[in-house]
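User: I'd like a close look at one part of this model, the helix that gives the most to the main nonpolar core. Walk me through that helix and its surroundings, then tell me how the rest of the chain compares.

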Amino acid sequence: MVDHLEKQFQTLSQDSGGADDAEREHVLIIEDDQRLADLTRDYLEANGFRVTLEADGASGVERITGLQPDLVILDLMLPGEDGLSICRRARPHYAGPIMMLTARTDDLDQVLGLEMGADDYMPKPVKPRVLLARVRALLRRAEGGLPAGDEARLRFDNLEIDHATREAWLSGERIDLTSAEFDLLWLLASNAGRVLTREEIFEDLRGIKYDGQDRSIDVRVSRIRPKIGDDTHHPHRIKTVRSKGYLFVKDG
């Protein structure tokens, strides 16, 4: 498997153009498979990133919070401390995107990763082009670019959402949101009064087509609801529209 991946990584690597390290976006890879980590590092560096490797899960939280990289690629199964625990403990001290890698296909792993604060996940073996596209998409969203003409701040009763600062407040109290949760909340709120299908949400947030099975959007909605004061059993703000998607309800 790694031999096949090595050929893919080597074939797809490009010249980074000699950009200064200080200008490159910094990616921290926490992965104990040294050969895979090296291949991923070489591929990302060849495509313009600065990369740091860490193989020991026990050092994961310290490395994330100490380095404060632009993005973290975090393996699920690690020696010392597993990826879920690292993500949960690091998240309160790190606001950047976290992408989790898992060799298992169990949906529970993916759901748990999202609940621990991960922004995205990829199954192993990773496909180089897909990995690069997802990394770039996460970084673009984290930078928070706003299309011209769009409002930078939205207000709904006691809820305020600011796109420029990527923060939200409920009755004046700042809401603790992950980067992915903010992106989803902003997308729904900026389309208030219109049902967004899961297909539309996936295309916008992840740049991929909805496969009909991925539960990540549903998990994030369930986490966002209590944070914005919505009733988890009978929501009034973010409503589920059966067989379609989600509706953010306008005021009054």
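Analyst: Here is a walk from the helix outwards, ending with a few local spots in the backbone.

Bear in mind that this is a predicted model. The chain has 252 residues, of which 49% count as buried. Its secondary structure comes to nine helices and twelve strands. As for contacts between residues at least 6 apart in sequence, 58% of them join residues at least 24 apart.

The helix you're after is H7. The largest nonpolar core has 28 residues, and H7 supplies the largest share of it, seven residues. H7 covers residues 179–189, and other elements that give two or more residues to this core include strands E6 (153–156), E7 (159–162), E8 (167–170) and E12 (245–248), plus helices H8 (198–206) and H9 (216–227). Inside the core, the residues with the most contacts are Ile161, Ile201 and Phe248.

So how buried is H7 itself? Eleven of its eleven residues are buried, so H7 is largely enclosed by the rest of the structure. That list isn't just greasy side chains: Ser179, Glu181 and Asp183 are on it, along with residues including Phe182, Trp186 and Leu187.

Next, the neighbour. The axes of H7 and H8 come within 11 Å and cross at roughly 125°. That angle falls between 115 and 145 degrees, so the two helices are oblique to each other. The crossing is right-handed. On the H7 side, the contact is made by Asp183, Leu184, Leu187 and Leu188, while H8 brings Ile201, Asp204 and Leu205. By type, the residues of this contact split into five nonpolar, no polar and two charged. An α-helix has 3.6 residues a turn, so residues three or four places apart point the same way. Ile201 is worth a second look, since it turns up in the contact with H7 and also among the residues with the most contacts inside the core.

Phe248 ties in from another direction. Leaving out residues up to four places away in sequence, Phe248 touches Leu185, Leu188 and Ala189, and also Phe156, Leu159, Ala192, Gly193, Arg237 and Ile238. Leu188 therefore shows up twice, in the contact with H8 and among the residues that Phe248 touches, going by the 4.5 Å cut-off for a contact.

Two loops among the strands of this region carry backbone oddities. Most residues other than glycine have a negative phi, and most peptide bonds are trans. Asp157, in the loop between E6 and E7, has a positive phi of about 50° although it is not a glycine. Arg166, in the loop between E7 and E8, also has a positive phi, near 55°. Their surroundings aren't alike: Asp157 is exposed, with a relative accessible area of 61%, whereas Arg166 is buried at 18%.

Now for the rest of the chain. Apart from the core around H7 lies another core, of 20 residues, among them Ile64, Leu78, Ile98 and Tyr121.

There's a second helix pair to set beside H7 and H8. Helix H2 (residues 34–46) and helix H6 (residues 128–143) pack at an angle of about 60°, with their axes 11 Å apart. That pair is oblique too, and the crossing of H2 and H6 is right-handed. Here Thr40, Tyr43 and Leu44 in H2 meet Pro128, Arg129, Leu131 and Leu132 in H6. The residues of that contact divide into five nonpolar, one polar and one charged.

Leading up to H6, the loop after strand E5 (120–123) holds Pro125. The peptide bond joining Lys124 and Pro125 is cis, with omega about 0°.

Another proline to check is Pro79, found in the loop between strand E3 (71–75) and helix H4 (83–90). Pro79 counts as partly exposed, at 38% relative accessibility. Its C-alpha atom is 5.9 Å from that of Asp56, although the two residues are 23 apart along the chain. Not counting residues up to four places away in sequence, Pro79 touches Asp32, Ala55, Asp56, Gly57 and Ala58.

To come back to your helix: H7 is largely enclosed by the rest of the structure, gives seven residues to the largest nonpolar core, and crosses H8 at roughly 125°.

Notes. Residues are numbered from 1 along each chain as its sequence is written. This is a predicted model: local features need pLDDT of at least 70, side-chain atom pairs count only at pLDDT 80 or more; totals for chains, interfaces and linings use all residues. Side-chain values use heavy atoms; hydrogens and water are left out. Axes are lines fitted to C-alpha atoms, for helices over the stretch in contact, and angles run from 0 to 180 degrees between N-to-C directions. Helices (H or I, at least four residues) and strands (E, at least two) are DSSP runs, numbered from the N terminus. Angles under 35 degrees count as roughly parallel, over 145 as roughly antiparallel, 65 to 115 as roughly perpendicular and the rest as oblique. A crossing is left-handed if the near helix is turned anticlockwise from the far one by less than a right angle, and right-handed if clockwise. Ala, Val, Leu, Ile, Met, Phe, Trp, Tyr, Cys and Pro count as nonpolar, Asp, Glu, Lys and Arg as charged, and the others, Gly among them, as polar. Buried means under 20% relative accessible area, exposed over 50%, partly exposed in between (1.4 Å probe, protein chains only). A nonpolar core is a set of buried Ala, Val, Leu, Ile, Met, Phe, Trp, Tyr and Cys residues joined through side-chain atoms within 4.5 Å.
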